[in-house]
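Biologist: I have the sequence and the fold open side by side. Could you walk me through what the coordinates show?

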Amino acid sequence: QVQVVESGGGLVQAGGSLRLSCAASGSSYTLYSMGWHRQAPGKQRELVASITTWGSTNYADSVKGRFTISRDTAKNTVYLQMNSLKPEDTAVYYCRATGQSHYWGQGTQVTVSS
């Protein structure tokens, strides 16, 4: 049973920064991709950023230049450094780990006040 646990959400003013962390455990298979998705009220869940075991990254256009994803492959841990936060970044952020299947965390709330 793969467990995915996020931490680091909270309330921040516009222009501020937050760092999200996510740890995956219990997988017998390589988690070749890990990433962050978010879902704002009334909207569909969307990809924010992802990273593979070989370091290839992908970002949503809306966060390029502001967010940075990084990974400690040995620890199956992924981080999301979020800078220059905007009110429109407010959402529940979910961590995803992909190996034999997709595994999701419970989500962590990020609220950016104007």
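Biologist: Which residues does Arg96 touch, not counting residues up to four places away in sequence?

Modeller: Keep in mind that this is a predicted model. Not counting residues up to four places away in sequence, Arg96 touches Ser33, Met34, Gly35, His37, Leu47, Ser50, His102, Tyr103 and Trp104. Arg96 itself has its place in strand β9, which covers residues 91-98.

Biologist: What about charge: which side chain of opposite charge is nearest to Arg96, and how far away is it?

Modeller: That is Glu6, which is 10 Å away, and Arg96 has no salt bridge although it is buried. Pairing of this kind can arise when the charged atoms of oppositely charged side chains come close. The cut-off for a salt bridge is 4 Å between a side-chain nitrogen of Lys or Arg and a carboxyl oxygen of Asp or Glu.

Biologist: Which side chains make polar contacts with the side chain of Arg96, then?

Modeller: The side chain of Ser33 makes a polar contact with that of Arg96 at 3.3 Å, and the side chain of His37 is joined to that of Arg96 by a polar contact of 2.9 Å.

Biologist: Ser50 was in your list too. Is Ser50 buried or exposed?

Modeller: Ser50 counts as buried because its relative accessibility is 12%, and the cut-off for buried is under 20%. Ser50 is found in strand β5, and, with residues up to four places away in sequence left out, it touches Ser33, Met34, Gly35, Ser56, Thr57, Asn58, Ile69 and Arg96. Ser33, Met34 and Gly35 therefore appear in the contact lists of both Arg96 and Ser50.

Biologist: Switching topic: how many salt bridges are there?

Modeller: The count comes to 4 salt bridges. One of them is between the side chains of Arg38 and Asp89, at 3.0 Å from N to O. This pair links distant parts of the chain, with Arg38 in strand β4 and Asp89 in the loop between β8 and β9, 51 residues apart. Both Arg38 and Asp89 are buried.

Biologist: Which other residue forms a salt bridge with Asp89?

Modeller: Arg66 forms a salt bridge with Asp89, and the closest N and O atoms are 2.8 Å apart. Here again distant parts of the chain are linked, since Arg66 sits in the loop between β6 and β7 while Asp89 is in the loop between β8 and β9, 23 residues apart. Arg66 is buried, as is Asp89. Through shared partners, salt bridges join Arg38, Glu46, Arg66 and Asp89 into one network.

Biologist: And Lys64 with Asp61: buried or exposed?

Modeller: Lys64 and Asp61 are both exposed, and their side chains meet in a salt bridge of 3.1 Å from N to O.

Biologist: OK, on to the core. How many residues are in the largest nonpolar core?

Modeller: It has 30 residues, and those with the most contacts inside it are Trp36, Leu80, Met82 and Tyr93. Strands β3, β4, β5, β7, β8, β9 and β11 each supply at least two residues of this core.

Biologist: What does Tyr93 contact, leaving aside its neighbours within four places in sequence?

Modeller: Among the contacts of Tyr93 are Trp36, Leu80 and Met82, together with Glu6, Leu20, Phe67 and Val110.

Biologist: Where is Gln109, and what is around it?

Modeller: Gln109 is found in strand β11, residues 108-113. Leaving aside neighbours within four places in sequence, Gln109 is in contact with Gly9, Gly10, Thr90, Ala91 and Val92. A polar atom of the Gln109 side chain lies 3.4 Å from the backbone oxygen of Ala91. Gln109 counts as partly exposed because its relative accessible area is 39%.

Biologist: How far apart are the C-alpha atoms of Gln109 and Met34?

Modeller: They are separated by 19 Å, and the two residues are 75 residues apart along the chain.

Biologist: Last one: what does the chain look like as a whole?

Modeller: The chain has 0 helices and 11 strands, and its C-alpha atoms fill a box of roughly 45 × 25 × 20 Å along the principal axes. The radius of gyration is 13 Å, which agrees with the value near 13 Å that a compact globule of 114 residues would have. Buried residues make up 42% of the 114 residues. Of the contacts with a separation of 6 or more, 52% are between residues 24 or more positions apart.

Conventions
Residues numbered from 1 in each chain as written. Predicted model: local features only at pLDDT ≥ 70, side-chain atom pairs only at ≥ 80, totals over all residues. Heavy atoms only, no water. Helix = DSSP H or I, 4+ residues; strand = E, 2+ residues; numbered from the N terminus. Buried < 20%, exposed > 50% of the residue type's maximum accessible area, 1.4 Å probe, protein only. Lys, Arg positive; Asp, Glu negative; His and termini not counted. Polar contact = N/O pair within 3.5 Å; in protein donor to acceptor, adjacent residues only side chain to side chain. Contact = heavy atoms within 4.5 Å. Core = buried A, V, L, I, M, F, W, Y, C linked by side-chain atoms within 4.5 Å. Rg over C-alpha atoms; globule rule 2.2 N^0.38 Å.
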